[in-house]
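I am opening a notebook on a structure that is new to me. My entries take up secondary structure, cysteines and cavities in turn.

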Amino acid sequence: MIEVREVKTKKEQKEFLDFPLRLYKGNPYFVPPLYMEEKKLFRKDYIYYDTCDAVYFNAYKNGKIAGRISGICQRASNEINHEKRIRFTRFDSINDKKVAKALFDAVEDWGRSLGMDTICGPMGFSDLEREGLLVEGFYEISTFEEQYNASYYQDLIENLGYEKEVDWLESKIYVPDEPDDSLQKLSDFVMKRYKLHFGEADSKQEFLDKYQERFFNLLDTAYAGLYGTVPFTDNMKKMMIENFNMILDLNHLAVILTEDEKMVCMGLCFPSLSKAVQKSYGHLTPAALARLYKSIHHPKVLDLGLIAVDPEYINRGLNAIIAAELMRMLREDGIEYAETNLNQETNFAIQNQWKRFKAVQHKRRRAYIKKL
């Protein structure tokens, strides 16, 4: 017998949060989110609830929890794109088609009750959240920023009539075996031609004080129209700044300014936190905090976080500047490799950027769509 219940009680909330931790216990590729951050989903003042509606469901098979799913109505995205969509996210299930169907039926019915006509996902409240279903790369450790899932999820979802809407590729990038200074020469040429310079700061706080407004303006401009993106709200900005204060390293970011100090390009890398949070299943135990400190201050792997170019400069070679800076980070800081995270498969400019590195495409993620 399969029963689906909307998450209401504290016990049901804990079951929702704990289910993937139990499902993937001992899996060396699964990386949990921070448990304390996921708990905020059930707070009335959660940062996304000013622009979103959300619902959470648990599925039980013979009285035992067997799956979970969440539905999101991202009102800001619907208004901007003139759509009537809901998103599904945080889908986890045992390998059982009936369990999966019961969960998706619940979310789809919820979407119809709101007058929506389309469902897509996996997509979070914004593209700052984990998104996309892993369809290739099941034997690669997940980045902290993205979700791991078992290979059978694809069949469960596609069996319910969901079709591909967007794919993203992920790659590991290494320093080339043979030294090549052509990228740095191209970067220097572009900087000189357009009279650009790097933004400077002596501390994280100085960087945030000087550049945060221009930083968010550039992100909103550069990401406008990209799949799944929404404008940054004040709450989203506050959350990002808090995260930056914890993990930001000035040596792993670059902001590029014009003569009149307009920010036209930026690139930001984060230290990989994957292995630091695995053992504690996302809980910030003393041992986990020690591992996080080591990962942040002595990283061996970098995760590419954000890269943005002002649309007016998109074809002027600014990507070469960011690529050259990344090459410098890998060479000078003893980094083993960097992970690109999600690059849309049709974004040929970003795909071509990695050709100057020794790149290995090792993962693929997919967003699905279905008419309600």
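I take helices (H or I, at least four residues) and strands (E, at least two) as DSSP runs, numbered from the N terminus. I keep in mind that this is a predicted model, in which local features need pLDDT of at least 70 and side-chain atom pairs count only at pLDDT 80 or more, while totals for chains, interfaces and linings use all residues. Residues are numbered from 1 along each chain as its sequence is written, and side-chain values use heavy atoms, with hydrogens and water left out.

Entry on a glutamate. I found Glu-108 in helix α4, which covers residues 97–113. I asked whether Glu-108 is buried or exposed. Glu-108 has a relative accessible area of 3% and is buried, where buried means under 20%, exposed over 50% and partly exposed in between, with a 1.4 Å probe and protein chains only. Leaving aside residues up to four places away in sequence, I listed its contacts as Ile-119, Tyr-162, Lys-370 and Leu-372, a contact being heavy atoms within 4.5 Å.

Entry on cysteines. I looked for disulfides, meaning pairs of cysteine sulfur atoms within 2.5 Å, and the structure holds zero. For Cys-73 the nearest cysteine sulfur, that of Cys-52, is 7.8 Å away. The sulfur of Cys-120 is 11 Å from the closest one, in Cys-73, which is too far for a bond. I noted Cys-73 as buried at 5%, and Cys-120 as buried at 4%.

Entry on strand β9. I saw that five of the five residues of β9 (residues 253–257) are buried; Leu-253, Val-255 and Leu-257 point one way, and Ala-254 and Ile-256 the other. Strands pair if DSSP finds at least two bridges between them. β9 runs antiparallel to β8 (residues 197–198), joined by two bridges, and pairs with β10 (residues 263–271) in the antiparallel sense over five bridges. Leu-253 stands opposite Leu-268 in β10. The two strands β9 and β10 form a hairpin with five residues between them, and Glu-261 in the turn has a positive phi of about 70°.

Entry on a cavity. On a 1 Å grid over the protein atoms alone, I count as a cavity a set of points where a 1.4 Å probe fits but cannot get out, with lining residues having an atom within 4 Å of a point. The largest has a volume of about 80 Å³, a volume being the space filled by probe spheres set on the points, which are joined across faces, edges and corners. Its lining includes Ala-254, Leu-268 and Trp-354, and α11 (318–332) gives the most, with four residues.

Conventions. On a 1 Å grid over the protein atoms alone, a cavity is a set of points where a 1.4 Å probe fits but cannot get out, and a pocket is an open set with protein on both sides within 12 Å along at least five of seven lines; lining residues have an atom within 4 Å of a point.
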